[in-house]
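Student: Could you take me on a close look at the aromatic pairs here, and at what surrounds them? I'd like one connected walk-through rather than a list.

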Amino acid sequence: MSVFELRVALTTEEFDRIVAFYRDGLGLDPGDMWTDNGRGQILYAGRGVLEILDTEHAASVDQIEVGWRVPGQIRFAFQVPDVHVAVENALKYGATLIHEPVLTPWDDLNARVKSPDGLQITLFQVASTSA
């Protein structure tokens, strides 16, 4: 048996603000929208990948990207073509900067923001496009 798709479902009381953040602030592509019994919006984020980290590795990544251990079980990570532009746009749509872009030991450029709904988000630019 194979899995064909991974979806993460967020529940929020600030639907319009959060949709705008992920759609416009981070550039996710809108898909179907539901308006019966409340509202729902599909947003596509390229290929979905599930990373499972033990607490030691999560602490190591946090130390590299932020400088300290950040609490929370879930963190989104989005590969972007230009991490500086992505951070600027995310901040414009309500994100809070946790740490400016840093060059990682694996030679990617990573930045950490917190979404308006409080989720940790890593924005990363792969080495082949890092500047």
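Tutor: Happy to. Searching the whole of this predicted model turns up three aromatic pairs. One of them joins Phe21 and Tyr22, whose rings sit edge-to-face, with 4.9 Å centre to centre and 80° between the planes. How accessible are these two residues? Phe21 has a relative accessibility of 0%, so it counts as buried. Tyr22 has a relative accessible area of 4%, which is under the 20% cut-off, so Tyr22 is buried too.

Another edge-to-face pair is made by Phe76 and Phe78, with 5.9 Å centre to centre and 70° between the planes. Here the same cut-off applies: Phe76, with a relative accessible area of 14%, is buried, and Phe78 counts as buried at 13% relative accessibility. Ring pairs link these four residues, Phe21, Tyr22, Phe76 and Phe78, into a cluster.

Now let's step outward from the rings. Tyr22 is a good place to start. Setting aside residues up to four places away in sequence, Tyr22 touches Leu10, Gly27, Leu28, Leu43, Phe76, Ser115, Asp117, Leu119 and Ile121. Some of the cluster also belongs to the largest nonpolar core, which has 19 residues. Phe21, Tyr22 and Phe78 are among the members that touch the most other members, along with Leu26, Val83, Ile121 and Leu123. Which elements supply this core with at least two residues each? They are helix H1 (15-25), strand E3 (75-79), helix H3 (83-92), strand E5 (109-114) and strand E6 (120-125). H3 gives the largest share, four residues.

Three of those elements, E3, E5 and E6, lead us to the sheet. It is an open sheet of four strands in the order E3-E6-E5-E4, and its pairing is mixed. As general background, strands of a sheet pair through backbone hydrogen bonds, in either a parallel or an antiparallel sense. At the edges are E3 and strand E4 (96-103), each of which pairs on one side only. From one strand to the next, the twist averages 15°. On the E4 side, E4 and E5 are antiparallel partners over five bridges, and Leu97 stands opposite Val113 in E5. H3 packs on this sheet, where it touches E4, E5 and E6, and its direction makes about 150° with that of E6.

Finally, let's set this part within the whole chain. The protein chain has three helices and six strands, and along the sequence they follow the pattern α-β-β-α-β-α-β-β-β. Of its 131 residues, 34% count as buried. Among contacts with a separation of 6 or more, 48% are between residues 24 or more positions apart. Along its principal axes, the C-alpha trace spans about 45 × 40 × 30 Å. Why does the radius of gyration fit a compact globule? A compact globule of 131 residues would have a value near 14 Å, and the protein chain has 15 Å, so the two agree.

Terms used: Residues numbered from 1 in each chain as written. Predicted model: local features only at pLDDT ≥ 70, side-chain atom pairs only at ≥ 80, totals over all residues. Heavy atoms only, no water. Phe/Tyr/Trp six-rings, centres within 6.5 Å; stacked < 30°, edge-to-face > 60°. Buried < 20%, exposed > 50% of the residue type's maximum accessible area, 1.4 Å probe, protein only. Core = buried A, V, L, I, M, F, W, Y, C linked by side-chain atoms within 4.5 Å. Contact = heavy atoms within 4.5 Å. Pairing = 2+ DSSP bridges. Axes fitted to C-alpha atoms, helices over the stretch in contact; angles between N-to-C directions. Rg over C-alpha atoms; globule rule 2.2 N^0.38 Å.
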